[in-house]
Amino acid sequence: MAHMGSSKNRGEVRIHESLDELSTDLADYIAELSEASVKERGFFAIALSGGSIISLMRNLCGAPYSKTVDWSKWYIFWADERVVAKNHVDSNYKLAKDHLLSKLPIVPSHVHSINDSLTAEEAANEYEFVIRQLVRTRVVNVSEVSDCPKFDLILLGMGPDGHVASLFPNHSALEEKNEWVTFITTSPKPPPERITFTLPVINSAANVAVVVTGGGKAEASQLAIGDVGPECPVLPARMIEPSVGKLVWFLDNQAASKL
Ligand SMILES: O=C1O[C@H](COP(=O)(O)O)[C@@H](O)[C@H](O)[C@H]1O
């Protein structure tokens, strides 16, 4: 049974006793948001991350979701991507394709990944252009309070250093206010070249979920969600503050052990 709570201005916090329980809750949450978005707008625009979150979404591939979710209305994006070939072991696209997308009846033309033949800067610019076209046709909604896209759901993981998407602590990409998608060539976690949604885009989403598991992330979880003093470092994960959207944290007991 998950413990639910809220942390001052840090959204809803769901703490799970096991990874199985977390996966079940995460699949239910995503399916409910999909149903609500399709009913309201006719589309479900979801941005994925790489890393551990993909295997934690595994329950979506089975019953009842294979029958109850309207997969034809899903449009897939990435909150961040490593600038490597699509068949490279480091590719977030490959990870999602191998373990999730290939098992779901998603329309291939609804899957929007980066162009892997470009430089990081070109790939970021082109990806932003693609998103702009889809905002124009309202496949991706637009924010009422910024000129940013309003994704129905952005799913994020968090590294032990508190990074989310490819927004790393003390990196200048955190300051980007104008671009929707930016690029970095100096990621402290390999591979070095990446593209990433910027904070304004993440904070304009209708829903943001951050999924964090394992004791190695307990300290960062405390700094990202807990009551901390002004002397504590402000991690990128703490900068996730949707302006009108809803923020939900999915933690296991170990990641939540210092909250
Ligand atoms: O490099 C990345 O790391 C984060 C966190 O990954 P995790 O395996 O620790 O959950 C991930 O969310 C991001 O998409 C990825 O590019």
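Start with the smaller group of strands in this predicted model: select β5, β10 and β9, which form an open three-stranded sheet in that order, with antiparallel pairing. Colour β5 (80–82) and β9 (181–184) separately, since these are the edge strands and each pairs on one side only. From one strand to the next the twist averages 15 degrees.

Next, show the backbone of β5 together with β10 (residues 194–197). The two run antiparallel and are joined by three bridges. For a single pair to centre on, pick R82, which stands opposite R194 in β10. Then add helix α5 (residues 120–136), which packs on this sheet and touches β9 and β10. The direction of α5 makes about 170 degrees with that of β9.

Stay with α5 and move into the loop that links it to β6 (141–142), where R138 is found. Phi of R138 is near 65 degrees, a positive value in a residue other than glycine. Is R138 buried or exposed? It counts as exposed, having 12 C-beta neighbours inside 10 Å.

Go back to β9 and β10 and select the loop between them, which holds P191. The peptide bond from P190 to P191 is cis, with omega near -5 degrees.

**The seven-stranded sheet**

Now select β1, β2, β12, β11, β8, β3 and β4. They make an open sheet of seven strands in the order β1-β2-β12-β11-β8-β3-β4, and the pairing is mixed. β1 (3–6) and β4 (74–78) stand at the edges with a single partner strand each, so one side of each has no neighbour in the sheet. The twist here averages 20 degrees from one strand to the next.

Work across the sheet from the β1 edge. β1 and β2 run antiparallel, joined by four bridges, and S6 stands opposite E12 in β2. The two strands form a hairpin with five residues between them, and in this hairpin N9 takes a positive phi near 60 degrees.

Keep β2 selected and colour by burial. Four of the five residues of β2 are buried, so the strand is largely enclosed by the rest of the structure. Which strand does β2 pair with in the parallel sense? The partner is β12, and the pairing extends over five bridges. Within β12, D252 is the bridge partner of H16.

One step further, strand β12 (residues 246–252) pairs with strand β11 (residues 207–212), in the parallel sense and over six bridges. To see one of the pairs, select A209, whose bridge partner in β12 is V248. Then bring in helix α1 (residues 19–41), which packs on the sheet. The strands α1 touches are β2 (12–16), β3 (44–48), β4, β8 (153–157), β11 and β12. Its direction makes about 160 degrees with that of β12.

From β8, follow the loop towards β9 and stop at A165, which is found there. A165 has a positive phi of about 50 degrees although it is not a glycine. A165 is buried, with 28 other C-beta atoms within 10 Å; the cut-off for a buried residue is 20 or more.

**The ligand and a cis bond**

Select the ligand and the residues around it. Of the 13 residues in this shell, S49, G50, G51, S52 and G157 come nearest. The shell divides into three nonpolar, eight polar and two charged residues.

Then move to the loop between α2 (53–56) and α3 (65–68), and select P64 there. The peptide bond from A63 to P64 is cis, with omega near 0 degrees.

**Zooming out**

Finish with the whole chain in cartoon view. The protein has seven helices and twelve strands. Its radius of gyration is 17 Å, close to the 18 Å that the globule rule gives for 259 residues, so the protein is as compact as a globular protein of that length. Along the principal axes, the C-alpha atoms fill a box of roughly 45 × 40 × 40 Å.

Colour the chain by burial again: buried residues make up 44% of the 259 residues. If a contact map is open beside the viewer, look away from the diagonal. Of the contacts with a separation of 6 or more, 74% are between residues 24 or more positions apart.

Methods:
Residues are numbered from 1 along each chain as its sequence is written. This is a predicted model: local features need pLDDT of at least 70, side-chain atom pairs count only at pLDDT 80 or more; totals for chains, interfaces and linings use all residues. Two strands pair if DSSP finds at least two bridges between them. Axes are lines fitted to C-alpha atoms, for helices over the stretch in contact, and angles run from 0 to 180 degrees between N-to-C directions. Two residues are in contact if their C-beta atoms, placed from the backbone, lie within 7 Å. The radius of gyration is taken over C-alpha atoms; the globule rule is 2.2 Å times the number of residues to the power 0.38. A residue is near a molecule or strand if its C-beta atom, placed from the backbone, lies within 6 Å of it. Ala, Val, Leu, Ile, Met, Phe, Trp, Tyr, Cys and Pro count as nonpolar, Asp, Glu, Lys and Arg as charged, and the others, Gly among them, as polar.
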